[in-house]
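The following questions ask how the terms used for a protein model are justified. Please look at the sequence and the structure before reading on.

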Amino acid sequence: MSLHMYCKTRCFGTATQRVLFGSFHEHGTRDMILVKNSSLEYCSILNISGKLVHSSFEQPAFGTILDARPLKCEWADDQEEGAEDDGDSGIKVATDAHEDDRGNSEETRGNARLQCLTRKGHARINGDHVAMLISDYGELVFCTVVGEPEKLIDFPYALSSTGRFECVAEVMLGKPGLDFTTANKKLALDPWSRAVAIASYQDQIDVLVLKPSMSRTKFNPVANTVSIEETGIIWHLEFLHTKSNQRDRVLLAAIIYSDIDRVCRVVLYNIDTSNPEAPSADLMGRLPMDQKMALPVLFFSVPFYPETLVLVTEEAVLIVRATDITSGNVFLPGAVMGRTIGHHLCTAYTLCANESDPRVYLGTTEGQLIRLDMHDLEAIALSCVQKVNPIGQHIQALDYLDLEDNDGNKMPAMALYTVGEGTNSQLLAVTDDEAIELQAIENRAPVMDAVDESNAHTAFKMTTCSGKDQDAQLNTVTYGCNTDLMETVPDWNGVTNLWTLNGGEHGVFLVGSSCYDTKIARVHNESDGLISTWPAIATSSSTIHAELMYPTCHKTDRINAERDALIVQVLADRLLLLDFESPDPLLVYHFKEGSKDSRTTAVFASVQHVFQEASHLLLCCTEGDQTGMHRVYVDYKNKKISRFEKQTDTWFAGHPSCFFADQFVLAFIGDYNGNLHMYNTGMDAKPWKLLNTCSKKKKG
């Protein structure tokens with residue numbers, strides 16, 4: 001079997017899941033890694049040209065990344081490392097010499113669960129932190145950043161050509177996939193770097209006991225493993241901050257939901273790692289929560305109160321101590337959000353850059369930045385700092401900085417990186433009174449629709465609409481060069497469909513439709529200065545489809561075709577025929593006069609096969625609770641709709657799929673009885689000709 005590369009470059013995703021902050025490339029420096037769904041992006045932090053966060057390089061990942069954490073390591077002396085015997089640990093260790101054996105079969109891989117594989121001869125780890133990643137490939141991977149800085153350019157971009165992520169060790173968790181009992185769903189790290197916990201979707205938690213010191217050149221962090229079986233769905237997993245780094249008291253808490261008795265419990269385990277050869281996990285307590293309690297969305301520990309957890313639900317913030325879990329105390333102190341700051345759905349949290357500061361910042365889906373003041377656990381206070389962009393899965397406090405006002409006075413602030421949800425991520429300077437945006441990091445997710453604007457005379461060019469609500473934006477994607485944001489249209493709220501109308505000398509227009517209205521904008525170029533005409537597009541309601549249709553006589557004459565082209569705009573209850581020069585529609589055709597039952601739900605195919613002087617559209621229409629196909633014929637000579645014909649007697653369950661060939665078009669339609677019908681929809685088929693029907697009997 002041979003492998004072929006079909007694509008050399010691509011545009012990486014912009015949606016960020018987690019931010020890893022630490023020292024990954026050089027000792028003593030501060031940098032961060034943006035963890036995305038299928039890639040890792042390395043960013044340096046330095047104040048240059050008014051920007052603090054600088055992207056150096058991005059690298060695709062193998063599999064889908066599910067969770068990640070930064071591991072702070074204690075490094076042994078190089079001479080001591082050379083005397084270290086990797087085989088002394090209680091977990092089997094392999095090097096590259098064994099990799100051929102482990103990859104021979106899927107069965108071998110599945111049986112090698114929790115086997116630690118050290119990359120022999122890996123690059124020296126120069127940073128203080130190592131990135132830990134789990135993916136659906138069934139592995140826990142330890143990565144470092146390597147690369148020689150280029151001396152000819154500034155430091156933030158010094159790794160743009162030579163930097164890369166290198167895997168230095170990996171732990172095989174099980175077979176690849178999304179099995180419920182495969183431990184690759186959640187990742188938790190002990191604050192003292194004594195252990196790592198990996199949870200499956202339900203029933204299984206694996207704890208990896210880490211060594212007190214590690215080697216920069218022979219990185220083998222795992223000393224032994226402990227498995228915990230806890231029946232139920234594992235919602236959250238977190239290690240507690242203990243008073244000291246004694247290895248006989250490593251506290252692990254989890255929120256377990258039992259779908260049998262429908263009770264949510266906070267479970268606490270003590271992991272004794274004092275003897276790496278025989279670690280143990282002892283149950284300390286199970287604290288049942290109220291069945292009427294709102295869904296727990298965040299669960300984390302705080303360093304300024306040892307052995308204390310914060311539980312954030314959809315309605316309240318609760319304080320859970322280790323003694324509460326062991327004693328069964330269900331009367332937990334806390335604060336109800338609705339009574340102080342209103343109802344908010346929290347999605348992310350971060351501690352302050354100074355971990356002794358007893359304040360926590362919470363982010364919400366609406367973009368509200370909330371400060372949680374925990375100076376007094378019996379009277380915690382919630383306050384809204386400022387509304388920013390909608391916040392996604394993570395917030396990260398970076399460092400402290402000084403801001404200057406107009407008078408030159410310095411004001412202390414904390415740099416906060418917020419991951420945007422459907423909008424740009426932000427670097428904020430947070431003071432006691434406000435949050436000031438220092439830098440916006442582009443986020444094009446989610447992409448709602450795209451149109452191809454390339455032709456035979458230009459390179460590939462695609463325009464996409466992305467984001468949501470007031471943060472929606474248009475982007476141009478090309479190959480051969482970087483993509484830049486050309487323009488942000490602030491009033492295109494909720495646009496979910498996009499079409500391009502290339503009218504030649506009339507200009508190029510973009511038509512966008514939301515669930516309640518339609519927008520139109522001109523794509524500017526150098527010759528747009530004298531253009532003053534706009535198509536009479538209906539904007540008061542949602543558009544199902546919009547496109548240009550050309551007459552038969554100009555099939556090969558592109559210039560005259562653009563001049564005489566007609567615009568067809570399909571709405572839910574009517575069809576409009578327009579041109580570029582008329583201020584009003586040439587024709588408004590209602591699908592069913594005097595009735596509101598017949599509405600168009602989709603135009604599944606725009607057929608450019610021309611019959612004499614008429615083009616046609618295939619419309620997917622509903623009448624009551626049934627769906628059927630109709631064909632619309634456009635008469636160019638008289639600028640009208642010549643016919644509107646029903647094509648099938650069969651009402652079907654959903655939108656059809658189309659297959660285009662040279663002289664005919666095949667439509668595949670499923671009906672309510674589970675049958676698949678294949679029709680010939682060409683111009684010679686009046687009405688459609690049924691070619692075949694495939695039946696599938698439903699079981700049960």
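**Terms and their grounds**

Q: Why does Ser193 count as buried or exposed?
A: Ser193 has a relative accessibility of 11%. Buried means under 20% relative accessible area, exposed over 50%, and partly exposed in between, with a 1.4 Å probe and protein chains only. Ser193 therefore counts as buried.

This is a predicted model, in which local features need pLDDT of at least 70, side-chain atom pairs count only at pLDDT 80 or more, and totals for chains, interfaces and linings use all residues. Residues are numbered from 1 along each chain as its sequence is written, and side-chain values use heavy atoms, without hydrogens and water.

Q: Why does Arg262 count as buried or exposed?
A: The relative accessibility of Arg262 is 61%, so Arg262 counts as exposed. Arg262 belongs to the loop between β15 (250-258) and β16 (263-272); strands are DSSP runs of E, at least two residues, numbered from the N terminus.

Q: What is the phi of Ser193?
A: Phi of Ser193 is near 55°, a positive value in a residue other than glycine. Ser193 lies in the loop between β11 and β12 (195-199).

Q: How do you know that β13 and β14 pair?
A: Two strands pair if DSSP finds at least two bridges between them. Strands β13 (residues 202-210) and β14 (residues 222-239) have nine bridges, in the antiparallel sense. Leu208 has Thr225 in β14 as its bridge partner.

Q: What makes β11 and β17 edge strands in the sheet?
A: Seven strands form an open sheet in the order β11-β12-β13-β14-β15-β16-β17, with antiparallel pairing. β11 (186-189) and β17 (280-288) each have a single partner strand, so one side of each is without a neighbour in the sheet.

How values were computed. Helix = DSSP H or I, 4+ residues; strand = E, 2+ residues; numbered from the N terminus.
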